[in-house]
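Let's take a walk through this structure together, one stop at a time. Have a look at it first, and then read on.

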Amino acid sequence: MMAHLNFDIAHLLAGGLVLVSFMMIYQDRLSSLLDVFAFHAVVLSASVAWQAHIQDAPHLYITAAIALIFKALIIPTALGRIVQRLGIHREVETVVGTGLTMLAGMGLVALSILLMMRVTAGADALAREDLAFALSVVLLGLLMMVTRRNAVSQVVGFMSLENGLILAAAGAKGMPLVVEISVAFSVLIAFIVIGVFLFRIRERFDTVDMGAMDDFRGEQQ
Amino acid sequence: MAPIDLAALAAGALLALGPLAIMAGRRAASGVYIASGLICAAVAGIGLFALLTGGVSTTVLPIGLPWLGAHLRLDALSAFFATVLGIGGAAVSLYAVGYARHDDDPMRVIPFYPGFLGAMLAVLLADDAFSFLMSWEVMSLLSWALVLAHHHDPEARRAGFVYLVMAAIGTMALLLAFGLMAGPDGGYAFDTIRATTRTPLVAAIILGLMLLGAGSKAGLAPFHAWLPLAHPAAPSHVSALMSGVMTKVALYGFIRVVFDLMGPQAWWASPAVILMGAGTAVLGIILAMMEGDLKRALAYSTIENIGVIFTALGLAMAFRANGMEAAAALAFSAALFHIFNHMAFKSLLFMGAGATLTATGTRSLDRMGGLIHQMPVTAALMLVAVLAISALPPLNGFASEWLIFQSILLSPGLPEPSLQMLAPAAGGLLALAAALAAAAFVRIYGVGFLGRPRSDAARDAVEADRASLAAMGLLAALCVFAGLFPGLILDALAPVASQLTGAHVPAQAGQPWLTLTPVAATRSTYNGLLVAVFIALSGWLAAALVHRLASRDVRRGPAWDCGFPNIDPITQYGAGSFAQPIRRTLGTVLLRARESVDMPEPGDLRPARHEVSYEDPAWLTLYAPVARMVDAAATYVNRFQFLTIRRYLSLVFASLILLLTGLTLWH
């Protein structure tokens, strides 16, 4: 009975993460995108915490805490300030239409579930579901990076991709903490570097639209 | 110490000699060559010892891949090839001692030369795929550096480029072949590969890859087109090494894989080898016949000889697949014998070409002529080589080609009708090639060494130095020895034939009068010694009779006065004139040979020009289309150099999705 409940809750949280990824895809304003990303991180941290509970692995609580503090609080806040300072919080930017992107995202989820169910036939059910959802989150993050042209939303796409990786790691029982800490810090550093770069780009070109930057490279879109 | 340890030590010493040469600088050139020569002589001794005493010695060195190490092995096959390498390397190094005295820029050659020898030896000793491919690649790269020794010459640079491309393609084919042989478990040690069984289809794919990989290095048509560019571009002693020894190392790779590692094959794998071999022989020698550049003509002749050897190997494969072990042993031994012989006379020919190049400063036959007066010793030694490569008795070329024809005569015993038809046809092509080879070398010798000097440089030529002459004399003696006593060589080859074909040619040592009896005394025999005595006696007798019966008055008349009392040397029969009959009969179709006359208008004072052009069909049908395809593909791929970041991401994304979908469907 307890096992069933454990499984269902883990399933619910991981599925919720995929759902929030979809929510991110159809946000067409940067400020709301950042809000949803913060929510994404909260769901991730809940999912990891639940894994820590059912796997009886206390170090995963630390992972959950890292996810909560860095990804749900610090990074979205900082990115939000950047967006405010750049004055692009109202910008609407998509390359492909939202509906089309959603359809593609559904295909990706179907693909990852099909693939993971076949590849991991021998593993236990929880890890299988978890991996399938994690792969969906990774692919949706990539999809987001591909369909957006604003540098900030590409950063957000990358971070949500990284959330998917952490979900997979948490589900796979026994990823050492060192790896997670290093991943968290590398993401933080990447975030800082990207932030700095955004300002430099802005200073020089007066925009963070990647399409405009391609124009500066002197090439056709 | 087992022979393998000594051989590995020799390879290591040769490889280490290169860096030492860099440190020692240009003054040490002679020393480097002497050291390489001594080590090579030792290698020849080790190889001969291992070949005659039999036995297999192995060792594992803790270098290379961490879990694999470098497996080395010296068995009868590698011992034979080590002997060939040692003799060739020693003679060429001795020649190079003389060459070094007038080399302007020895630092372009000596850092690579000993390493080249060492890498070739390492190929022969390798007993796992990694060591083999590694040594093979080092051999290719060092020989490429040697081809670029005259890098100021744009032609040498082009040759180096084509060579590098072909070497890369060849190594890739070998890599795939070894990958297929090792299988998914990655059993890269030769012992593991030997123990695996494979389907005939996989074996045929491996054979095809070996024909491309090892065949292109050896000069098998249609992959040969780099060879006549690269071999002549190197300094002459390196050309001798590339043509005389490196092609043999390539053949070793082919034999090692096809006869040893791959295990039994279906009979239908052999016709491809026989056909390619026979075609190569004819194509190579026709091109040699057309070529006006001495060293390049020799390189084309190398292609011909490689074709002859491949034909014999193909026959051995056909016999072996049908369980005719004695016949397979005969064809195989004949191929090995020819490998040995070709090393001897082709190295000698390239050394002679190098001597004439040094003396006259040109490689063009039409600017030589009359060198027999200025360079009598070189001319005499070249005559031996020319007679040997033209397969004239009593020299070694005849003995080995005769053995190949003997094995072709056994082909009616093959059960498959297609092979029964193919083998005599290949025999006919080989006979054509042998006859054309004689014509080609009459042309080379006649135009280069006989007649009157065709240029001032040829008139003022001086004899080569003593070291070079000694090296050439050594190889010429070897040619005569192997021609007079072919039975001894055949007996020495018996362990190799037993190892790879399961049988060997009957022992020759007990035959009366050193007669060569490959099958049975009732079938056919050859006695080199007897033929030599007969030729000497009849020649002496004819000369004596002519002198006795002829008038003692000395008659003087204008030379070459065939109705044209013009004294200009250009009116002599030249390289182009010798080639004309063959060019008109065979060249027009095969090589697209064209003649054009540029006749000036009346009143115009410039001379009329008669020009001849021909093309290597491999360039037209294989190299040029492939190059065009690669060019087009590169132009297309070049677009991906200039995409936006988002498009790069999309590409990554799309390929990821594609792979995942593939994985889903395939799983």
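## A tour of the salt bridges and the interface

Start with Asp456(B), which forms a salt bridge with Arg459(B), their closest N and O atoms lying 3.3 Å apart. Keep in mind as you look that this is a predicted model. Both residues sit in helix 18 (residues 456-459) of chain B, three residues apart, so about one helical turn separates them. How open is each partner to the outside? Asp456(B) is exposed, because its relative accessible area of 51% is over the 50% cut-off. Arg459(B), on the other hand, comes in at 45% and counts as partly exposed.

What lets side chains pair up like this? Side chains of opposite charge can pair when their charged atoms come close.

Now for a pair that reaches further along the chain. Arg296(B) forms a salt bridge with Glu155(B), and here the closest N and O atoms are 2.9 Å apart. This one links distant parts of the chain: Arg296(B) belongs to helix 12 (residues 294-321) of chain B and Glu155(B) to helix 6 (residues 154-182) of chain B, with their positions 141 residues apart. Is Arg296(B) buried or exposed? With 17% relative accessibility, Arg296(B) counts as buried, because the cut-off for that word is under 20%. Glu155(B) is partly exposed, at 46% relative accessibility.

Next up is Arg194(B), which makes a salt bridge with Asp260(B), the closest N and O atoms being 3.0 Å apart. Arg194(B) lies in helix 7 (residues 190-195) of chain B and Asp260(B) in helix 10 (residues 236-261) of chain B, so this pair ties together parts that are 66 residues apart in sequence. Asp260(B) is the buried partner, with a relative accessible area of 13%, while Arg194(B) is partly exposed at 23%.

These two residues also have company. Which residues are linked with Arg194(B) and Asp260(B) in a network of salt bridges? The other members are Arg73(B), Asp75(B), Asp191(B) and Arg256(B). Over all chains, the count comes to 15 salt bridges.

Let's move on to where the chains meet. Here 17 residues of chain B are in contact with 21 residues of chain A. Between them, the two chains bury about 1,800 Å², and 72% of that is on carbon and sulfur atoms. In chain B, Arg646(B), Phe653(B) and Thr664(B) lose the most area to chain A, together making up 36% of what that side buries.

How many salt bridges are there between chain B and chain A? The count is zero. As for polar contacts, one residue pair turns up across the interface, with both residues at pLDDT 80 or more. The side of chain B that touches chain A divides into ten nonpolar, five polar and two charged residues.

One last stop: His610(B), found in strand 4 (residues 609-613) of chain B. His610(B) is partly exposed, with a relative accessible area of 48%. Which residues does His610(B) touch, leaving out those up to four places away in sequence? They are Glu595(B), Ser596(B) and Val597(B). If you then look for His342(B), which is 268 residues away along the chain, you'll find that its C-alpha atom and that of His610(B) are separated by 36 Å.

Key
Residues are numbered from 1 along each chain as its sequence is written. Chains are lettered from A and ligands numbered from 1 in the order in which they are written. This is a predicted model: local features need pLDDT of at least 70, side-chain atom pairs count only at pLDDT 80 or more; totals for chains, interfaces and linings use all residues. Side-chain values use heavy atoms; hydrogens and water are left out. Contact means heavy atoms within 4.5 Å. Buried area is the accessible area (1.4 Å probe) that two parts lose on being put together, summed over both. A salt bridge is a side-chain nitrogen of Lys or Arg within 4 Å of a carboxyl oxygen of Asp or Glu. A polar contact is a pair of N or O atoms within 3.5 Å; within protein, one must be able to donate a hydrogen and the other to accept it, and residues adjacent in sequence count only if both atoms are side-chain atoms. Ala, Val, Leu, Ile, Met, Phe, Trp, Tyr, Cys and Pro count as nonpolar, Asp, Glu, Lys and Arg as charged, and the others, Gly among them, as polar. Helices (H or I, at least four residues) and strands (E, at least two) are DSSP runs, numbered from the N terminus. Buried means under 20% relative accessible area, exposed over 50%, partly exposed in between (1.4 Å probe, protein chains only).
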